[in-house]
Amino acid sequence: MSTIPRSSFDFLKALKKNNHRDWMTEHKKTYQASEKALKAFYAEIETGLNTTDEIEKLKIFRINRDIRFSKDKTPYNVHRSVSFSRAGAHRRGGYYLRLEPGDKSVVAGGFFGPEPKDLLRIRTEFQMDSDEIRGILAEPDFAKAYQGKFDAWDPVKTAPKGFSKDDPNIDLIRLKNFVVTHKFTDKEVHAKDFKDRVLYNYQLLRPFFDYMSDVLTTDLNGVSLID
């Protein structure tokens, strides 16, 4: 079984202190060896996910940063990230893994930046009935892993257009993203059971994904939108 080698984190720590192209060029072989080990780990995660789900795409995010519109001109990310997209129009939601030294590694899942029509559909569903999603978030194992709530970054300040700020479900309706996150320490990342921990946390997401998939593939009367 593949693990996350300490050498990969050693490389990222060194990169953080030497974030420039000359240093990266000098340490290209170290970078390539690290990427090879990480890709083997990602492949095992994908295999594990495919035992209970169906993964269409594994995407490894580039180490190069897009600095065109950023004040921070350092050229490289000091973390490594990968996502796993589910297959088929009836399977919504995505899995995400971020590896970063300093106890900053996370697994996450959900719906980041949904399209306007999907965002409206989700908000309308929560306005009509939030019992099911609140039950999923409050399920003991899920709540223990994911704090029982969405990561509420950059919500609408009052209420989205067409919704009341006094709605009892405004805490959910105000959100623009519907993502949950679980953090890992460096010690946990390098442990032999890290792959199993990642897959366990991903499995906890399935009721959430199944519910949201049903919402996003039906109209407000529950009629399927998929041919």
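## Helix packing and pockets

The crossing of α5 and α10 is left-handed. This is a predicted model. Helix α5 covers residues 131–138 and helix α10 residues 206–216; their axes lie 10 Å apart and the packing angle is about 165°. Angles over 145 degrees count as roughly antiparallel, so α5 is roughly antiparallel to α10.

On the α5 side, the contact is made by Glu132, Ile133 and Ile136, which meet Pro207, Phe208 and Tyr211 of α10. By class, the residues of this contact are five nonpolar, no polar and one charged.

The table sets out two pockets.

| Pocket | Volume | Nonpolar lining residues | Polar lining residues | Charged lining residues |
|---|---|---|---|---|
| Largest | about 760 Å³ | 12 residues | 12 residues | 10 residues |
| Second largest | about 160 Å³ | four residues | two residues | five residues |

The lining of the largest pocket has 34 residues, and those nearest its centre are Gly93, Gly94, Gly110, Phe111 and Phe112. Strands β1 (55–60), β2 (80–86), β3 (94–99), β4 (105–111) and β5 (178–184) each contribute at least two residues to this lining. The most comes from β2, with five residues.

For the second largest pocket, helix α4 (residues 116–128) gives the most to the lining, with three residues. The residues lining this pocket include Ala89, Arg92, Lys117, Asp118 and Arg121. Also among them are Leu216, Thr217, Thr218, Asp219, Leu225 and Ile226.

Conventions
Residues are numbered from 1 along each chain as its sequence is written. This is a predicted model: local features need pLDDT of at least 70, side-chain atom pairs count only at pLDDT 80 or more; totals for chains, interfaces and linings use all residues. Side-chain values use heavy atoms; hydrogens and water are left out. On a 1 Å grid over the protein atoms alone, a cavity is a set of points where a 1.4 Å probe fits but cannot get out, and a pocket is an open set with protein on both sides within 12 Å along at least five of seven lines; lining residues have an atom within 4 Å of a point. Grid points are joined across faces, edges and corners, and a volume is the space filled by probe spheres set on the points. Helices (H or I, at least four residues) and strands (E, at least two) are DSSP runs, numbered from the N terminus. Ala, Val, Leu, Ile, Met, Phe, Trp, Tyr, Cys and Pro count as nonpolar, Asp, Glu, Lys and Arg as charged, and the others, Gly among them, as polar. Axes are lines fitted to C-alpha atoms, for helices over the stretch in contact, and angles run from 0 to 180 degrees between N-to-C directions. Angles under 35 degrees count as roughly parallel, over 145 as roughly antiparallel, 65 to 115 as roughly perpendicular and the rest as oblique. A crossing is left-handed if the near helix is turned anticlockwise from the far one by less than a right angle, and right-handed if clockwise. Contact means heavy atoms within 4.5 Å.
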